[in-house]
Structures are given as structure tokens and as C-alpha cells.
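Colleague: I am new to this structure and would like a close look at a single part of it, namely its aromatic rings. Could you take me through them carefully, with whatever sits beside them?

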Amino acid sequence: MRNVVIGFLGTQLDMGKKRRWRPTLSLVEHGSFRVDRLELLFDIKFNRLAHQVKREVEDASPGTEVLLQELNLNDPWDFQEVYGKLFDFARGYGFDEDREKYHVHLTTGTHVAQICWFLLTESRHVPARLVQTGPPGPEDTAAKFDIIDLDLSRYNALQQRFDQLSREYSDQLKGGIETRNPAYNALIDQVELVAGSSDEPILLLGETGTGKSELAERIYNLKLDRRRVKGRLVHVNCATLNGPDAVATLFGQRRSYLGQAGSERSGLLREADGGMLFLDEVDELNLSMQAILLHALETGRYYPLGSDHEVSSRFQVIAGASRDLRSLSAAGKFRSDLLARLSMWRFSLPPLRARREDIEANLAFELVRSERALGTQVGFNADAREKFLRFAQDPATPWPANFRDFSGSVRRLCTLAPRGRITRAMVEGEMLRLQTDWQASSSDTDVRLVEQVLGAAAADIDPFDMVQLSKVVRVCRASTSLSAAGRTLFSASRRKRKTQNDADRLRKYLQKFGLDWESLSAPGTG
């Protein structure tokens with residue numbers, strides 16, 4: 001294999017006036033490295049020096065072929081020009097990696113040229129290793145010569161450090177919980193990339209209790225670690241911003257407003273300056289507040305209540321919503337321009353019923369959190385733990401409030417545990433409590449859900465069918481396919497059947513009400 005070196009003519013160092021060491025000539029003075037061809041890039045203004053260096057290299061190393069490549073630069077410190085011309089040079093070069101090994105001489109050329117060489121070799125536009133030379137030290141007999149291979153295994157340690165750091169950030173976003181759900185893990189990986197590289201608004205969607213507030217706080221902490229924010233996290237519950245003090249709470253108020261002495265307020269937007277504003281339950285804002293907020297988000301400026309002068313506040317935004325903002329926007333209940341502003345990055349958090357493989361890890365997390373709060377060690381008896389997990393992971397267990405239900409259940413068990421041990425009888429009592437609470441609260445929501453699906457035709461549905469149909473609708477919206485929904489709904493009876501066609505059974509049931517899978521699954525796919 002022939003060794004080929006590509007590099008710029010050193011317009012100062014290669015003259016050799018101030019020091020004896022000359023970088024381009026030194027390339028052929030290392031006995032351990034043979035240069036078969038030297039491609040020397042030069043500007044026409046230094047044509048005489050280029051030919052002089054060519055002669056000296058050929059005299060010092062008769063076996064080295066020196067080719068002069070004219071590359072004229074109007075401004076060698078202009079990154080765009082230098083990178084563009086080197087990129088064009090690389091595209092037209094015709095590299096033959098089967099016969100030749102390529103090297104780029106980094107020592108000569110401006111710092112801009114060195115950066116461009118690195119980028120082109122790292123991206124493999126120039127399939128070469130990097131060569132770095134230097135003058136001999138006071139006690140050295142030979143000049144310095146080093147080959148840097150960006151593919152060398154010694155750089156694996158650096159990549160492993162980056163990978164480890166990325167895992168630490170992902171663990172931070174997951175609260176240290178070892179999750180197994182592929183969809184949730186993929187979502188967290190995307191959130192980590194976005195939070196670490198973008199300052200645009202992030203919209204977190206999901207049912208109540210899916211962890212939007214916790215994730216927003218973890219995103220803020222990650223940005224704080226990466227120095228993307230400096231200020232504090234300001235949590236705004238938008239459901240409370242529809243009263244008479246809403247504007248003053250958010251935008252502030254001057255003391256002179258309506259003659260209310262001593263009532264000056266800075267406002268939550270001002271407190272978020274340099275940090276992050278979390279708009280929790282943003283779907284609860286009325287249209288007038290949405291309009292005022294949109295202007296502040298887009299310009300970073302707003303008028304406090306009672307003020308004739310604008311104030312400015314720059315902050316990053318995370319918004320959380322439990323309802324489908326696109327449906328609200330289509331119904332005229334949420335401004336489409338505000339939705340577009342907030343949803344540069346949109347992430348939908350899956351409900352607990354779609355993450356049943358993560359329940360065991362979350363149980364361990366909740367136990368530790370309860371122990372800290374109670375100041376005492378708590379654990380399950382083996383049979384009690386098995387029964388609780390079986391109940392929690394059962395497809396028939398709805399967990400309507402998601403992790404709020406789950407966390408509250410574990411906290412109750414820990415608080416009432418005699419001598420720090422949770423028994424099977426306690427688990428059975430907690431299961432009964434949950435089922436009773438869910439049944440009592442589901443009757444009104446069942447009616448609203450069926451009315452949403454069937455419209456006026458819901459008035460003709462018997463109460464018995466109302467409960468059953470609402471359950472079917474919820475399962476369909478939470479499932480990835482018709483077959484998956486059928487397996488959940490017929491999980492008991494399917495074990496007794498010789499042939500199992502759950503999808504067909506579900507399809508026929510939906511047809512009784514004029515429904516199909518596609519119309520029910522669409523709202524859950526956002």
C-alpha cells in the first residue's frame with residue numbers, strides 16, 4: 001500500500017527563515033514513515049515557495065512524488081470558503097483505498113483549515129488518518145511525528161464515556177426507575193436528545209397521572225446540568241388562571257393599578273426569566289389568556305397589569321395537557337397559533353395500563369419513596385407481593401388515574417403496615433377499595449365517553465350496555481391493534497375456547513353499535 005499525504009503549504013513555517021524546522025519537509029525525514037506521494041495545496045500567491053519546497057522534498061526523498069495542487073483562497077480564515085473548497089477538492093480527488101493509504105497533514109494551514117480537515121476526515125469525506133508534526137524539543141534529535149486515527153480502538157473509551165453520560169441523563173429523566181417498556185424508553189431517549197440540544201417549547205401530552213409534572217421537572221434539571229438554563233423552574237397551574245387575579249398572577253401588577261397601594265406583584269413570567277416556565281394543564285386556559293400568553297411567548301415582552309411600559313422576560317417553555325389540543329383547536333376552544341407555538345416538540349406519555357411491564361420497577365421505587373416519607377422500612381410478604389403485582393399487571397385493572405392511583409395505593413399499604421410488613425389480607429383490602437372507588441367514579445365518565453363516540457344515539461343505550469361499551473372503547477383506545485384489544489377483553493373466556501379469534505369477536509360486537517376499530521383507535525394514536 002502506498003502512503004499518500006495531503007496538506008497545505010506552510011506559508012510561514014515552510015520558508016524556514018525564523019527556525020530550522022520546516023513542517024512539510026519534515027514529513028519525509030522520518031525513517032519509520034515512507035511518503036510515496038505528497039499532495040501539496042498552495043495559493044498562487046506562494047507559487048515560488050511551493051516549487052522550492054517541492055524541489056527540497058524530492059532532493060531529501062527521491063522516492064517521494066510531489067504534486068502541487070493549486071487552491072486559491074480569498075480569505076483563509078473564512079470557514080465557509082475554506083470548508084467549501086476542501087469539500088470540492090475531496091469530491092473530485094478519486095480516492096483509491098484498495099491501493100493507497102491516505103493521511104492529512106494537520107500542522108500547516110490556518111486553524112480554520114485544520115478544523116475543516118478534521119470535519120472532513122471524521123465524516124469520511126476524506127478517508128484519511130491525521131498526521132501531526134512538530135519541531136524537536138531541547139533534548140530531542142528528531143522532529144515530532146504523530147499519526148491520529150479517528151477509528152482507533154483507543155477512542156472507544158471516549159465513546160463509552162459519552163454513552164455512559166447519555167444513559168445517566170436518560171436515567172435522570174426516568175427518575176432512576178429501570179423501565180422495560182420499549183415505547184416509553186424510546187420516548188425518553190428522544191426527550192433527552194431534544195432537551196440537551198434545543199431550547200424550543202416542549203409539549204407533554206397524556207392522561208392525568210402519567211407523570212407530566214415529574215418529567216417536566218426532570219427535563220429542567222437536565223437542562224440545568226447542561227447549562228442550557230440558569231434561572232429557576234416556575235410551575236404554573238393554568239386551571240387556576242381563569243379568575244379575576246389571573247392576569248396579575250401571570251404577568252404581574254403595578255402598585256398604582258386601581259389605587260391598590262402595596263399590591264405590586266412581579267408575576268410568574270418575570271420569576272421565570274432566564275429559567276423555565278412549566279404551563280401545567282395548559283388546555284384549561286381560556287381564549288383571552290391564550291392570546292395574551294402567545295404574545296409573551298413569541299416576543300419575550302408583555303405589559304404588567306396597570307403598566308404603560310413593556311417588560312421583558314426570556315425563558316424556555318414546557319407545557320402539559322391531559323386533553324387532545326388538536327381536537328380542542330378544531331372545536332375553537334384552543335388557539336391554533338398557540339398550539340403551533342407550543343408543539344415544536346410534542347411527546348405523548350403512555351398511560352400505566354400500556355406500561356404494565358414497568359409496574360414491578362415502579363413498585364420498588366414507590367416503596368423506597370414511602371420509606372423516606374414515613375421514616376421506617378417497609379416490605380411485602382412474599383404472597384402479598386405476588387398478589388398485588390398480579391392485580392396491578394392484570395389487563396382488567398384500569399388504573400384510571402395512572403401513577404397517582406398506583407402511588408397512592410402503595411403509600412396506603414406502607415402507612416398501615418403493622419411492623420413494616422404488608423400482608424396478603426392488606427393487599428386484598430386495598431384491591432377492594434380501589435375497585436369500589438373506580439366503580440363509583442366511572443358511571444358518569446362512562447356516559448360521557450359513550451356520548452362522545454355515539455353522539456345522540458347514546459340516549460338509546462341501556463345502562464348495562466353503557467358500562468360494557470365504555471370499557472370496550474377504553475381498551476380499544478389503549479391497544480395497538482384490534483387483536484390486542486380482543487386479547488385484553490376476552491382474556492378469561494379465550495382460555496376455554498378451542499379456536500381463538502378475538503379480533504373477529506370484537507369486530508362483531510362493535511358492529512352492533514355501528515362502530516369499527518379505526519374510528520375508536522384514532523384518538524389514542526396521537
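**The aromatic rings**

Modeller: In this predicted model, the charged end of Arg-505 is placed over the ring of Phe-490, at 3.9 Å from the centre of that ring. A second case of this kind involves Arg-355, which lies over the face of Tyr-184 with 3.6 Å to the ring centre.

Turning from charges over rings to rings beside rings, the count comes to 16 aromatic pairs. One of them joins Phe-380 and Phe-388, whose ring centres are 5.8 Å apart and whose planes meet at 35°, so the pair is classed as tilted, because that word covers planes that are neither under 30 degrees apart, which would be stacked, nor over 60, which would be edge-to-face. Both partners can also be placed by their exposure: Phe-380 has a relative accessibility of 9% and therefore counts as buried, while Phe-388, with a relative accessible area of 1%, is buried as well, since the cut-off for that term is under 20%. Phe-380 and Phe-388 belong to a cluster linked by ring pairs, in which Phe-391, Trp-399, Phe-406 and Trp-438 also take part.

Phe-79, by contrast, is partly exposed, with a relative accessible area of 39%, and its place is in helix H3, which covers residues 79–91. Together with Ile-115, Phe-118 and Leu-119, Phe-79 forms a nonpolar patch on the surface, with about 340 Å² of accessible area for the four together. The most is given to this patch by helix H4, residues 111–122, which supplies three residues.

How values were computed
Residues numbered from 1 in each chain as written. Predicted model: local features only at pLDDT ≥ 70, side-chain atom pairs only at ≥ 80, totals over all residues. Heavy atoms only, no water. Patch = residues over 30% accessible without salt bridge, like charges linked within 9 Å, V, L, I, M, F, W, Y side chains within 5 Å. Areas by Shrake-Rupley, 256 points an atom, 1.4 Å probe, with all protein chains shown as cover. Salt bridge = Lys/Arg side-chain N within 4 Å of Asp/Glu carboxyl O. Helix = DSSP H or I, 4+ residues; strand = E, 2+ residues; numbered from the N terminus. Buried < 20%, exposed > 50% of the residue type's maximum accessible area, 1.4 Å probe, protein only. Phe/Tyr/Trp six-rings, centres within 6.5 Å; stacked < 30°, edge-to-face > 60°. Lys NZ or Arg CZ within 6 Å of the ring centre and 35° of its normal.
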